[in-house]
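I am keeping these notes as I go through the structure for the first time. Each entry records what I looked up and what I found.

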Amino acid sequence: MSDSIGSILPGMRRLGLGRRRDQKTDLVYGAGIPESSGDMRLFPPNSMPARNAYQLIHDSLKFDGDPTLNCATFLTTWMEPEAEKLIMENLGKNRVDIDEYEATERIHRRCLAHLHDLWNGEKEVEPTGTVVVGSSEGIMLGGLALKWRWRARREAQGKDTSKPNIVFAANAQVALEKTARYFDIESRLVPVSEESHYCLDVHKALDMIDENTIGMFLILGSTYTGHYEEVLEMSQLLDKLKADTGFDVPIHVDGASGAFVAPFAQPDLCWDFRVPRVVSISTSGHKFGLTYPGIGWVLWRATEYLPDGLTFELSYLGGMEKTFTLNFSHPACFLIAQYYQFIRFGREGYTRVMNSCLYHARLLSVALEATGMYECISDIHRPRGQFGYSEESRLAAGNLFQESVSLELKSSGSNPSVNHLFNYGLPEVAFRFTDWFIERHPAANQDIVSTLLRVRGWIIPNYPLPPNMNKLRILRVVIKEASSEDFVNRLVRDILWATKTMLDTQSQTLGEALSKPLANSKSTSNLAQQIALSNRTTMDNSQKHSHWTGLLKRIGELHTTADNESGGPSEEPMLEITNNGSKKTFYQKTC
């Protein structure tokens, strides 16, 4: 036996299948080659030193953006060194091997118990759920369970089961549509509107339900604007529908982001297992669960809501394992990191983090609207029950924000009561040019602003709202744990810079407009708060213009002249640079 193994190993190594490291040459068998030295369609024929392979990949990844400045993503971009150490120590563990990794499985069960308690599951009920790769997998499992339970009911009644449908809003993240398409379920998309805050209109949804409706997806935190959908109101309307028609429609809550925000920042909001029709909830641990990707969770109200047919019993890994995930192999390290965050922060710590995120999102919102150039489509900074942008709502938001600052200081960030003054939602800022600004500058283009912000490292997408509202395009900033007041100050400064540069390109080439390096290194301390509190009265159009141009001047970005060449006051601020006695009208060039 040993002879045969000895004869096989050299052949494996010649084929690049061995793991032996050549100590003399530092080569690893089967390693890759530089992209520039071969046909990328072919597997690399030669090996290379490990340090070279590392450096090749390390250098190529420098072209990626900075995750901290990626305002487009909801994903966690920072964890504490202790959490990262646990991840590295457990990278090789596969969670499903519970016989080999019994301690990891105990941590898995504890995490499920924590979430069951967080989402107000019944105390006497054993938590039913699982860790998954992300909330997309959780949504799919929730959708499958809805379909199987609907099918069982129909079969018991002797009725047709060939035309299942599911109802959700047009603002849904793609995972909801994938669930329907992959599992042969008809998607019934409810149109969104400004009146429904660009998410589910619960009354329109009722019109789409029939006897073939397996359930509804409701979203706790729209990715477009951060609004929560009305889970409790929808449940009450479905109760009435059942009384009138007999249609019994359950709800799966896609809490990808909100399921980790609402329980801490808005604990009085009734959206979870307290709502009778909510039978399952999914969330992403790698979003506001504060854990690196990829990890998600899905829980059911009780065992009977997870059909037996979706559960498999496996014993080949040494112990009996019940599995009902789509993906069998799953790294244990991120599950362990999630448990670290749970015991590290606890309820108080998570509350502090979510309150901080919401504070910085409101600060950014009020500052942007105070410029007069931008209006927010998101509403988390407005007084409770007040939605949509207007001069009145802008002033009300600014006044409320000023009042809330002192309350935040008194509560030290651990008291969620401040949040009750504002509309509930995710710490997300969706904004666009005001109608006034577009009227004054018809060629203004938010895509250019988004692109120019890339010059300074920011990744801020500009995209259309859901299909029936897609004439509106919005810029979006997600405020995460790693954000700070300095982060917001610098972002506001750079948005103002990008906006003014965008206007300059209408009369200059882009090269001229960008010939200025980064801004003077002047302090941006408290810039956002100064702007947020600077505009506290209603303004006419001429006052708006002088207001925002004055803001640009205050941050040290512009040199303005008091008068134009004719001796009269300038309508637009003049931008000048002196070079050998001559002047040009663009940004000052600095070292």
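I began with R490, which at 37% relative accessibility counts as partly exposed, and I kept in mind that I was reading a predicted model. I then looked up its partner D486, which is also partly exposed, with a relative accessible area of 38%. The two side chains, R490 and D486, meet in a salt bridge, with 3.0 Å from N to O. Both residues belong to helix 14, which covers residues 485–504, and they sit four residues apart, about one turn of the helix.

Next I followed a network in which D239, K242, D248 and R277 are joined by salt bridges that share partners. Within this group I checked the pair K242 and D248, whose closest N and O atoms are 3.6 Å apart. I noted K242 as partly exposed because its relative accessibility is 38%, between the limits of 20% and 50%. D248, at 34%, is partly exposed as well.

I also looked up D435 and R432, whose side chains form a salt bridge at 3.5 Å, N to O. Here I asked myself whether each partner is buried or exposed. D435 counts as exposed, since its relative accessibility of 53% is over 50%, whereas R432 is buried, with a relative accessible area of 10%. For the structure as a whole I wrote down 26 salt bridges. As a general reminder, I added that side chains of opposite charge can pair when their charged atoms come close.

I turned then to the cysteines and asked how many disulfides are counted. The count comes to zero. Among the residues I checked for this entry, C71 is buried at a relative accessible area of 1%, and C376 is buried at 2%.

My next entry concerns T179, which I found in helix 6, spanning residues 174–182. T179 counts as buried because its relative accessibility of 1% is under 20%. A polar atom of the T179 side chain lies 2.9 Å from the backbone oxygen of A175. Setting aside neighbours within four places in sequence, I listed the contacts of T179 as I139, M140, G143, I185 and F217.

Last, I looked at the surface, where L56, I57 and L61 form a nonpolar patch, with about 270 Å² of accessible area together. I located L61 in the loop between helix 2 (50–60) and helix 3 (81–89).

Definitions and conventions: Residues numbered from 1 in each chain as written. Predicted model: local features only at pLDDT ≥ 70, side-chain atom pairs only at ≥ 80, totals over all residues. Heavy atoms only, no water. Helix = DSSP H or I, 4+ residues; strand = E, 2+ residues; numbered from the N terminus. Buried < 20%, exposed > 50% of the residue type's maximum accessible area, 1.4 Å probe, protein only. Polar contact = N/O pair within 3.5 Å; in protein donor to acceptor, adjacent residues only side chain to side chain. Contact = heavy atoms within 4.5 Å. Patch = residues over 30% accessible without salt bridge, like charges linked within 9 Å, V, L, I, M, F, W, Y side chains within 5 Å. Areas by Shrake-Rupley, 256 points an atom, 1.4 Å probe, with all protein chains shown as cover. Salt bridge = Lys/Arg side-chain N within 4 Å of Asp/Glu carboxyl O. Disulfide = S-S within 2.5 Å.
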